[in-house]
Amino acid sequence: MSQKINIDKWDPSQDGALNEGNMKRKLEKQGYRYIMYTFNPGTDFPDHTHAVSKKDAVLTGRFEFGMYGHTVVLEPGDMVEVPKNTVHNARVVGREDVVFFDATK
């Protein structure tokens, strides 16, 4: 049985308005440290892995994300866990920059 990509959706009733400060607070509450990046339209990350487990979180834009043989489009407020040594890929879709948090524990 193949695994599926589990997306943690932003919940305004629990997380507040979707903005940079609230995204940082949510990640910090979950025990993550993070680096914020901005990726321009057309940015592409081919298949790769990381030596640590991490969480990818999208603040703005749309980010096509592939893992476990599945592909999803992450929207603003979406977060996805990426286990260490797991092959995945991503690319910015659309015309808007993606503001993105790369978070680790």
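**Exercise 1. Describe the surroundings of Leu 18 in this predicted model.**

Solution.
Step 1: Find the position. Leu 18 sits in the loop that joins α1 (12-15) to α2 (20-29).
Step 2: Decide on exposure. Residues under 20% relative accessible area are buried and those over 50% are exposed. Leu 18 has 32% relative accessibility, so it counts as partly exposed.
Step 3: List the contacts. Outside the neighbours within four places in sequence, Leu 18 is in contact with Trp 10, Met 23, Leu 59, Pro 76 and Gly 77.
Step 4: Take a distance. Ser 53 is 35 residues from Leu 18 along the chain, and their C-alpha atoms are separated by 24 Å.

**Exercise 2. Summarise the segment 36-102, starting from its database annotation.**

Solution.
Step 1: Read the record. An unreviewed UniProt entry annotates residues 36-102 as "domain: Cupin type-2".
Step 2: Give the secondary structure. Over residues 36-102 the chain is 63% strand and 0% helix.
Step 3: Compare the ends. The end C-alpha atoms of residues 36-102 are 6 Å apart.

**Exercise 3. Work out the layout of the open sheet of four strands.**

Solution.
Step 1: Write down the order. The strands run β3-β8-β5-β6, and the pairing is antiparallel.
Step 2: Identify the edges. β3 (44-48) and β6 (70-74) are the edge strands, since each pairs on one side only.
Step 3: Add the twist. From one strand to the next, the twist averages 15°.
Step 4: Look at one pairing in detail. β3 and β8 are joined over three bridges in the antiparallel sense. His 48 stands opposite His 88, which belongs to β8.

**Exercise 4. Describe the largest nonpolar core and the elements that build it.**

Solution.
Step 1: Count and rank. The largest nonpolar core has 13 residues, and Phe 63, Phe 65 and Val 98 have the most contacts inside it.
Step 2: Assign the residues to elements. Two or more residues each come from β5 (62-67), β7 (79-82), β8 (88-93) and β9 (98-104). The largest share, three residues, is supplied by β5.
Step 3: Check for another core. There is a second, separate core of 10 residues, among them Leu 27, Ala 57, Val 99 and Phe 101.
Step 4: Examine one residue of the largest core. Not counting residues up to four places away in sequence, Phe 65 touches several residues, including Ile 5, Asp 56, Val 80, Val 82 and Ala 90. His 70, Thr 71, Val 72 and Leu 74 are also among the residues that Phe 65 touches.

**Exercise 5. Analyse the aromatic pairs made by Phe 100 with Phe 39 and with Phe 63.**

Solution.
Step 1: Set up the description. A pair of aromatic rings is described by the distance of the centres and the angle of the planes. The structure holds seven aromatic pairs.
Step 2: Treat Phe 39 and Phe 100. The centres are 5.3 Å apart and the planes are at 45°, which is a tilted pair. Phe 39 lies in strand β2 (residues 33-39) and Phe 100 in strand β9, so this pair ties together parts 61 residues apart in sequence. Both Phe 39 and Phe 100 are buried.
Step 3: Treat Phe 63 and Phe 100. This pair is also tilted, with 5.1 Å centre to centre and 55° between the planes. Phe 63 is in strand β5 and Phe 100 in strand β9, so the pair ties together parts that are 37 residues apart in sequence. Phe 63 is buried, as is Phe 100.
Step 4: Join the pairs. Ring pairs link Tyr 37, Phe 39, Phe 45, Phe 63 and Phe 100 into a cluster.

Terms used
Residues numbered from 1 in each chain as written. Predicted model: local features only at pLDDT ≥ 70, side-chain atom pairs only at ≥ 80, totals over all residues. Heavy atoms only, no water. Core = buried A, V, L, I, M, F, W, Y, C linked by side-chain atoms within 4.5 Å. Buried < 20%, exposed > 50% of the residue type's maximum accessible area, 1.4 Å probe, protein only. Contact = heavy atoms within 4.5 Å. UniProt positions renumbered as here; feature names shortened; annotations may be inferred. Pairing = 2+ DSSP bridges. Axes fitted to C-alpha atoms, helices over the stretch in contact; angles between N-to-C directions. Phe/Tyr/Trp six-rings, centres within 6.5 Å; stacked < 30°, edge-to-face > 60°.
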